[in-house]
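Here's a quick walk through one protein model, with an eye on its charged pairs, its core and its surface. Have a look at it first, then read on.

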Amino acid sequence: MKLLSSGITPSPDTPGNMRSSALIRWGLGNEFQLWIDVPEKYADSLSETGNPWLVAMLPMAAALGEDIELPLPVDALLLENCRGVLAIWNEWYPELHQIALHCPVKGFEPSGAIKKTAAFFSGGIDSYFTIARRMPGNPYGIPAVGVLDDLLTVWGFDIGVNDETQFQPLARMLAGSVESLGGNHIIVQTNLRDVMEVYRKRWGPLTHGAGLAFIGLSLEKRYREVILGSTYPYGALFPWGSHPLVDPLFSTSLLSVMHDGAALTRIGKTAVAARLPQARRGLHVCQATGLHNCSVCEKCYRTMIALDILGLKESFAETFDWSGYTLSRVRMVYIGGGLEQIFYREMISAARSLERTDIAVALSHAARRSSRMAPFIHWAERMTTRPLVWRLGIALRRVLLRGSIQKEYITI
């Protein structure tokens, strides 16, 4: 893979935005344009180095087995770190390739600029947890571990980069939450998941952290630290796209990428985030709709169950429709592979310790039911990848999961 050219120009799609773009060649002469748009007032923050492009290209090059060539200088520490990332990925996923990185190297040069700290803000539990712990002197009894200057919302990750109908209402809601928190909200737009298939197909297991780091590094002139909310706790780690072993390796000598919150379980993070009034009014966890929580998908139910265990149903009456939530429905949650099982084991344990035996029993039933169904679901999903029987696989999966609370996604 080779970066052929790059530049910063006014965005042709979004008035009032500047676009940092790169023309990248891969395979036997295939080319695509990768870009990120930011509001004009942050144009001076856009990177002119190869740092963001190297991180963006890394997963795709490793999947293809192509060396990376960049004409732009790359920070010496980041270059060293990316070789470490490749070594970790190759250990986790042997089908990925060891590749060479060819680029000019930029050594450390002290910067006198006072830089800021940013975190990503999607409106979910992880986002509000990171914010809640970075409000010095907050009235909610939450010990502060730092401060935040900017909250970054990415258009093009969870919602398609051209889907204004889904994104704009959500963006307005998130902006309102940030305003009430007294923060600075920046919306960035990128086609990363459109032009790089590996970011669509392996977002969870491989590319999540790299995608977020690409955004942070694209604004590297502005930041000294960019915070990525953790997914899984230290006690239940496994190979994943955002990981405390990998995310910090996307740091440069002047910008630190921090993996935040892995010392707490998801229900522990929920308890902290729930103290914020803004979370109670504007929590958004659903991947099935752009603005409102659908309150019927697995992601919504997972959060609703946690809130129920914590005795917070009434506090979140504005963000979820509880009218269809019952323990009978909890028993019908389909708990997928080992990843989701971590969250549900945590909730079963928390339910028992908080004397919510009714929820623990319902979740245990869901876990047993899911274990019985899992081999058949796996078989159906494998069929969906086969040319002649993929339609049959889709139909079989639909039949097997009929009546279950399951994952739903906006089409990217």
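Which side chain meets Asp 13 in a salt bridge? The partner is Arg 19, with N and O sitting 2.7 Å apart. Bear in mind that this is a predicted model, so every number here is computed from predicted coordinates.

**Salt bridges**

The Asp 13 pair joins two quite unlike settings. Asp 13 is exposed, as its relative accessible area of 53% is over the 50% mark. Arg 19 counts as buried, because its 8% falls under the 20% cut-off. The two also belong to a wider arrangement: Asp 13, Arg 19 and Asp 37 are linked in a network of salt bridges.

How many salt bridges does the structure hold? The count comes to 17. Three of them, including the one already met, are set out here:

| Acidic residue | Basic residue | N to O distance |
|---|---|---|
| Asp 13 | Arg 19 | 2.7 Å |
| Glu 109 | Lys 106 | 3.5 Å |
| Asp 308 | Arg 356 | 3.2 Å |

Take the Asp 308 and Arg 356 bridge, where the closest N and O atoms are 3.2 Å apart. Asp 308 lies in helix α10 (residues 298-309), while Arg 356 is in the loop between α12 (338-353) and α13, so the pair ties together parts that are 48 residues apart in sequence. Asp 308 counts as buried at 7% relative accessibility, whereas Arg 356 is partly exposed at 23%.

In the Lys 106 and Glu 109 bridge, both ends fall in the middle class: Lys 106 is partly exposed with a relative accessible area of 33%, and Glu 109 counts as partly exposed at 49%.

**A buried asparagine**

Now over to helix α2 (residues 76-92), which is where Asn 81 lies. Is Asn 81 buried or exposed? Asn 81 is buried, because its relative accessible area is 11% and the cut-off is 20%. Setting aside neighbours within four places in sequence, Asn 81 is in contact with Pro 248, Leu 249 and Ser 251. Arg 200, on the other hand, is 119 residues from Asn 81 in sequence and 24 Å away in space, C-alpha to C-alpha.

**A nonpolar patch outside**

Which residues form a nonpolar patch on the surface? They are Leu 388, Val 389 and Leu 392, with about 330 Å² of accessible area together. Leu 388 is found in the loop between α13 (357-383) and α14 (390-400). At 87% relative accessibility, Leu 388 counts as exposed.

**The whole thing**

Stepping back, the secondary structure comes to 14 helices and 12 strands. What radius of gyration does the protein have? The value is 22 Å, which agrees with the figure near 22 Å for a compact globule of 412 residues. Along the principal axes, the C-alpha atoms fill a box of roughly 60 × 60 × 40 Å.

Inside, buried residues make up 53% of the 412. If you look at contacts with a separation of 6 or more, 70% of them are between residues 24 or more positions apart. On the outside, the protein exposes about 18,000 Å², and carbon and sulfur atoms supply 54% of that area.

Technical notes. Residues numbered from 1 in each chain as written. Predicted model: local features only at pLDDT ≥ 70, side-chain atom pairs only at ≥ 80, totals over all residues. Heavy atoms only, no water. Patch = residues over 30% accessible without salt bridge, like charges linked within 9 Å, V, L, I, M, F, W, Y side chains within 5 Å. Areas by Shrake-Rupley, 256 points an atom, 1.4 Å probe, with all protein chains shown as cover. Salt bridge = Lys/Arg side-chain N within 4 Å of Asp/Glu carboxyl O. Helix = DSSP H or I, 4+ residues; strand = E, 2+ residues; numbered from the N terminus. Buried < 20%, exposed > 50% of the residue type's maximum accessible area, 1.4 Å probe, protein only. Rg over C-alpha atoms; globule rule 2.2 N^0.38 Å. Contact = heavy atoms within 4.5 Å.
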